[in-house]
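Student: I should like to examine this protein with you, beginning with its surface and ending with individual residues. Please reason through each answer.

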Amino acid sequence: MDYGKNRVCPVERAGVLDNRFRRWLQNPCKILSPYINEGMTVLDFGCGPGYFTIDIAQMVGKSGRVIATDLQEGMLQKLKRKIHKTELEERITLHRCEKNKIGLTEKIDFALAFYVVHELPDQGEFFKELESVLQPGGQALVVEPPFHVSKAAFLETIATARKAGLKPVEWPKVLFSKTVILKND
């Protein structure tokens with residue numbers, strides 16, 4: 001495990017990512033409902049134990065789909081146990097990404113990258129790949145933590161996304177976060 005700049009949250013600490021206190025502070029439905037509709041295909045990049053994934057699956061409904069992707073198999077297994085033998089199991093596809101690659105070819109309508117972009121070794125490659133799988137007009141919500149990511153670093157992240165063809169169109173408010181909506185024109 002890399003404990004430097006690109007450190008990922010260990011599976012053993014998954015509980016801090018998915019708890020009632022966080023739900024009170026960062027409610028997935030409040031954050032995502034302006035952007036996700038029934039029938040959409042949504043990428044939850046860096047899904048961890050599925051904190052956002054479950055709510056996204058409910059928002060997209062039976063005709064939609066969620067691709068929950070994470071670098072760590074242990075995080076995907078935690079999510080798999082949560083959805084096992086529920087109606088959401090059919091809507092959620094678990095996908096293990098690589099350190100430098102999302103690894104998808106199918107088109108998506110919306111992507112969520114919550115507290116994860118700062119962990120990537122090559123943000124440029126990530127945004128290029130994201131641009132290639134986002135439908136024209138598709139959007140991505142990038143949310144970064146304020147303590148790990150400075151204002152300058154976040155502005156650099158946005159500049160990197162622009163170079164990949166993603167346009168910043170909105171800066172929604174998310175508690176304890178730096179945020180941007182990127183659009184694929």
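Student: What share of the exposed area of the protein do carbon and sulfur atoms supply?

Tutor: The model is a predicted one. In it, the protein exposes about 9,600 Å². The share of this area supplied by carbon and sulfur atoms is 51%.

Student: How many of the contacts in the protein, as a percentage, join residues at least 24 apart?

Tutor: The protein has 185 residues, of which 51% count as buried. For the contacts, the count takes in pairs of residues at least 6 apart in sequence. Among these, the share that joins residues at least 24 apart is 74%.

Student: Which pattern does the protein follow along the sequence?

Tutor: The secondary structure comprises 6 helices and 7 strands. Read along the sequence, these give the pattern α-α-β-α-β-α-β-β-α-β-α-β-β.

Student: Are helices H5 and H6 parallel or oblique to each other?

Tutor: Two packed helices are described by the angle between their axes and the distance between the axes. The axes of H5 (residues 123-133) and H6 (residues 151-163) come within 8 Å and cross at roughly 45 degrees. An angle under 35 degrees would count as roughly parallel, and one of 65 to 115 as roughly perpendicular. The crossing angle therefore makes H5, relative to H6, oblique.

Student: How many polar residues does the contact of H5 with H6 have?

Tutor: On the H5 side, the residues are Gln 123, Gly 124 and Phe 127, and they meet Thr 157, Thr 160 and Ala 161 in H6. By class, this contact has no charged residues and 2 nonpolar ones, while the number of polar residues is 4.

Student: What is the C-alpha to C-alpha distance between His 95 and Asp 44?

Tutor: His 95 lies in strand S3 (residues 92-96). Beyond four places away in sequence, His 95 touches several residues, including Ile 67, Asp 70, Leu 76 and Leu 104. Asp 44 is 51 residues from His 95 in sequence, and the distance in space, C-alpha to C-alpha, is 10.0 Å.

Student: Is Lys 85 buried or exposed?

Tutor: Lys 85 is found in the loop between helix H4 (73-83) and S3. Lys 85 has a positive phi of about 60 degrees, although it is not a glycine. Its relative accessibility is 72%, so Lys 85 counts as exposed.

Student: Which accessibility class does Phe 176 count as?

Tutor: Phe 176 is placed in the loop between strand S6 (166-170) and strand S7 (178-184). Phe 176 is not a glycine, yet its phi is positive, at about 60 degrees. Because its relative accessibility is 46%, Phe 176 counts as partly exposed.

Technical notes
Residues are numbered from 1 along each chain as its sequence is written. This is a predicted model: local features need pLDDT of at least 70, side-chain atom pairs count only at pLDDT 80 or more; totals for chains, interfaces and linings use all residues. Side-chain values use heavy atoms; hydrogens and water are left out. Axes are lines fitted to C-alpha atoms, for helices over the stretch in contact, and angles run from 0 to 180 degrees between N-to-C directions. Helices (H or I, at least four residues) and strands (E, at least two) are DSSP runs, numbered from the N terminus. Angles under 35 degrees count as roughly parallel, over 145 as roughly antiparallel, 65 to 115 as roughly perpendicular and the rest as oblique. Contact means heavy atoms within 4.5 Å. Ala, Val, Leu, Ile, Met, Phe, Trp, Tyr, Cys and Pro count as nonpolar, Asp, Glu, Lys and Arg as charged, and the others, Gly among them, as polar. Buried means under 20% relative accessible area, exposed over 50%, partly exposed in between (1.4 Å probe, protein chains only). Accessible areas come from the Shrake-Rupley method with a 1.4 Å probe; for residues, only the protein chains shown count as cover.
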